[in-house]
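Trainee: Please take me through one part of this model in detail, starting from a charged residue and working towards the interior.

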Amino acid sequence: MLFWLNKSRSKNNKPAVYLRLSVGDKRVELSTYQYVAPESWNTATQSVKGNPEETQAINRRLVTLKANLHRHYSHLVASGKRITAQSVKNSFSGITEHSRTLCEVIHLPYTFSNSC
């Protein structure tokens, strides 16, 4: 996981903080909905520099976001599901894959039959 400033997405001249999630050679990006002045962003620690209350609040939100993504990743691992960057993002976002019932699979080519 990597937090970075997306300068193409700005609000009040402050770039948006994005999170890049990589699994293998695939990656997805998520907006954190946080906006930070570029001069207060510490690239090495991937956090906001300074002591003001707003800075600490943003850093807490970023840590919480990262912990939640780790939790969703661990849940996918424990359930034996295939792990991809997109599957972790979908789990975090509440997007579930549609599971087909046996009846749906059997009657898949026959759209006129709903006898199950």
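Mentor: Let's begin with Glu29, which is partly exposed at 31% relative accessibility (buried is under 20% relative accessible area, exposed over 50%, partly exposed in between, with a 1.4 Å probe and protein chains only). This is a predicted model, in which local features need pLDDT of at least 70 and side-chain atom pairs count only at pLDDT 80 or more, while totals for chains, interfaces and linings use all residues. Residues are numbered from 1 along each chain as its sequence is written, and side-chain values use heavy atoms, without hydrogens and water.

Glu29 pairs with Arg20 in a salt bridge, their closest N and O atoms being 2.9 Å apart (a side-chain nitrogen of Lys or Arg within 4 Å of a carboxyl oxygen of Asp or Glu). The structure holds one salt bridge. Arg20 itself is buried, at 18% relative accessible area.

Now to the interior. The largest nonpolar core has 17 residues, and Phe3, Val17, Leu19, Val36, Trp41, Leu62 and Leu69 touch the most other members (such a core is a set of buried Ala, Val, Leu, Ile, Met, Phe, Trp, Tyr and Cys residues joined through side-chain atoms within 4.5 Å). Helix α1 (53–78) gives the most to this core, with five residues (helices are DSSP runs of H or I, at least four residues, and strands of E, at least two, numbered from the N terminus).

Leaving aside neighbours within four places in sequence, Phe3 is in contact with residues including Val17, Leu19, Trp41, Gln46 and Leu62 (heavy atoms within 4.5 Å). Gln46 is buried too, at 19%, and a polar atom of its side chain lies 2.8 Å from the backbone nitrogen of Phe3.

Notes: A polar contact is a pair of N or O atoms within 3.5 Å; within protein, one must be able to donate a hydrogen and the other to accept it, and residues adjacent in sequence count only if both atoms are side-chain atoms.
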